[in-house]
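Biologist: I am new to this structure and would be grateful for a close look at a single part of it. Please take one pocket, describe what lines it, and then set that part in its surroundings.

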Amino acid sequence: MKKLVFMAALMLAAVGAYAQHEIGSINIQPKVGLNLATVSDAPKDAEMKLGLAAGVEAEYQVTDLLSITLGAMYSQQGYKMKDDKFQMDYVNVPVMANVYVVSGLAVKLGVQPGFQISNKFKEGSAKAIDLKGGKKFDLSIPVGVSYEYSNFQIDARYNWGLTKLNEVGKYKNDVFQVTLGYKFQL
C-alpha cells in the first residue's frame, strides 16, 4: 500500500494539474452505480456480490489542483457462497481529496466511515433473516479515479475495509464501486 501511495504521489508531481471548476466553487453531485463486494479472508468458495450504490456528494474546489468532497452513499455490500447471500447495507460517508492530473481526470484518496443499517442472510430461495451481532460501524479507505465531461462524472473506487465485521472473525469489507453522477454548480 505504501508503494502504491508513493507511486501515485510521484506521478502527480510529474503531471500538470487542471481543475474542472473555479477555486472556491461548490457543486452537488447525485450519483448512482454498482458495487462488487466481498470480504477479506473470505472462504475459498465465496463470490463477489453485486449491489446498489446511490447517494450524493458535495465538492469544494480548494485550488486548481485540489478539491475536497463529502458524501452520503447508500451501499449494498456483503458476499455470496453458492446459493447463500450475506448482505450488509450501509450509509457510507466518504471524505475524499481529489487531485486533478489533467482536465477532468482526478485521482482520489480519503477516509470513509460507514454505518450499518441492515445485516441479512438468505439461504437459497428461503426468506432473508436479520442477523444479530456484528459491528454497526465500518471504516474504510477509498482510493480511486474519476473523469468528468460536461458535468457528468464517472467514478471508480476501491473501498479498502479496515474494521472487522464482528468480534470473532477477521473479515473486513472489500468493495469495488463504479458510479455515474451529474454535477450541479451552486
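Modeller: The lining of the second largest pocket draws at least two residues from strand 5 and at least two from strand 7. The model is a predicted one, and the volume of this pocket comes to about 250 Å³. Its lining consists of 13 residues; nearest the centre lie M88, N119, L131, L165 and N166.

Of these residues, N119 may be taken up first. N119 belongs to strand 7, which covers residues 105-123. Is N119 buried or exposed? With a relative accessible area of 14%, N119 is buried, because the limit for that class is under 20%. Setting aside neighbours within four places in sequence, the contacts of N119 are Q87, M88, I129, D130, L131 and G133. Two of these partners, M88 and L131, are also among the residues nearest the centre of the pocket.

M88 leads from the pocket to the nonpolar interior. The largest nonpolar core is made up of six residues, namely V39, Y79, M81, M88, Y90 and L165. Strand 4 (66-81) and strand 5 (84-92) are the elements that each give two or more residues to this core. M88 and L165 therefore have a place both in this core and among the residues nearest the centre of the pocket.

Another member of the core, Y90, has a long list of partners. Not counting residues up to four places away in sequence, Y90 touches M73, Y74, S75, Q77, G114, F115, Q116, I117, D138, L165 and N173. L165, one of these partners, is itself a core residue.

The two strands that supply the pocket are also joined by aromatic rings. Over the whole structure, a search finds five aromatic pairs. In one of them, the ring centres of F86 and F121 are 4.7 Å apart and the planes stand at 40°, so the pair is tilted. F86 is in strand 5 and F121 in strand 7, so this pair ties together parts of the chain that are 35 residues apart in sequence. The two rings fall into separate classes of accessibility: F86, at 22%, counts as partly exposed, whereas F121, at 17%, counts as buried. Ring pairs also bring in Y79, which forms a cluster with F86 and F121. Y79 is in addition one of the residues of the largest nonpolar core.

A further pair involves Y182 and F184. Their ring centres are 4.9 Å apart and their planes are at 65°, so this pair is edge-to-face. Y182 is partly exposed at a relative accessible area of 29%, and F184 is likewise counted as partly exposed, at 44%.

The pocket may be set beside the enclosed spaces of the model. There are two cavities of 30 Å³ or more, and the largest has a volume of about 50 Å³. The residues that line this largest cavity are N27, Q29, E57, A58, E59, T69, N98, Y100, K108, Q153 and K183. Strand 1 (26-39), strand 3 (49-61) and strand 6 (95-102) are the elements that give two or more residues to that lining. Strand 3 provides the largest share, three residues.

One more residue illustrates contacts between separate parts of the chain. I141 is in strand 9, residues 137-149, and at 21% relative accessibility it counts as partly exposed. Beyond four places in sequence, I141 touches L109, G110, Y158, N159, W160 and L162. The C-alpha atoms of I141 and L162 are 7.4 Å apart in space, while the two residues are 21 positions apart in sequence.

These parts belong to a chain of 186 residues, of which 37% are buried. Its secondary structure consists of one helix and 12 strands, and the helix precedes the strands when the chain is read from the N terminus. Among contacts with a separation of 6 or more, 60% are between residues 24 or more positions apart.

Finally, a word on confidence. The average pLDDT of the chain is 88, and 89% of the residues score at least 70. Over residues 10-19, however, pLDDT stays under 50, although the model has 22 contacts beyond four places in sequence for that stretch. Where pLDDT is low, the predicted coordinates should not be read in detail.

Key:
Residues are numbered from 1 along each chain as its sequence is written. This is a predicted model: local features need pLDDT of at least 70, side-chain atom pairs count only at pLDDT 80 or more; totals for chains, interfaces and linings use all residues. Side-chain values use heavy atoms; hydrogens and water are left out. A nonpolar core is a set of buried Ala, Val, Leu, Ile, Met, Phe, Trp, Tyr and Cys residues joined through side-chain atoms within 4.5 Å. Buried means under 20% relative accessible area, exposed over 50%, partly exposed in between (1.4 Å probe, protein chains only). Helices (H or I, at least four residues) and strands (E, at least two) are DSSP runs, numbered from the N terminus. Contact means heavy atoms within 4.5 Å. Rings of Phe, Tyr and Trp (its six-membered ring) pair if their centres lie within 6.5 Å; planes under 30 degrees apart count as stacked, over 60 as edge-to-face and the rest as tilted. pLDDT is the predictor's confidence in each residue, from 0 to 100. On a 1 Å grid over the protein atoms alone, a cavity is a set of points where a 1.4 Å probe fits but cannot get out, and a pocket is an open set with protein on both sides within 12 Å along at least five of seven lines; lining residues have an atom within 4 Å of a point. Grid points are joined across faces, edges and corners, and a volume is the space filled by probe spheres set on the points.
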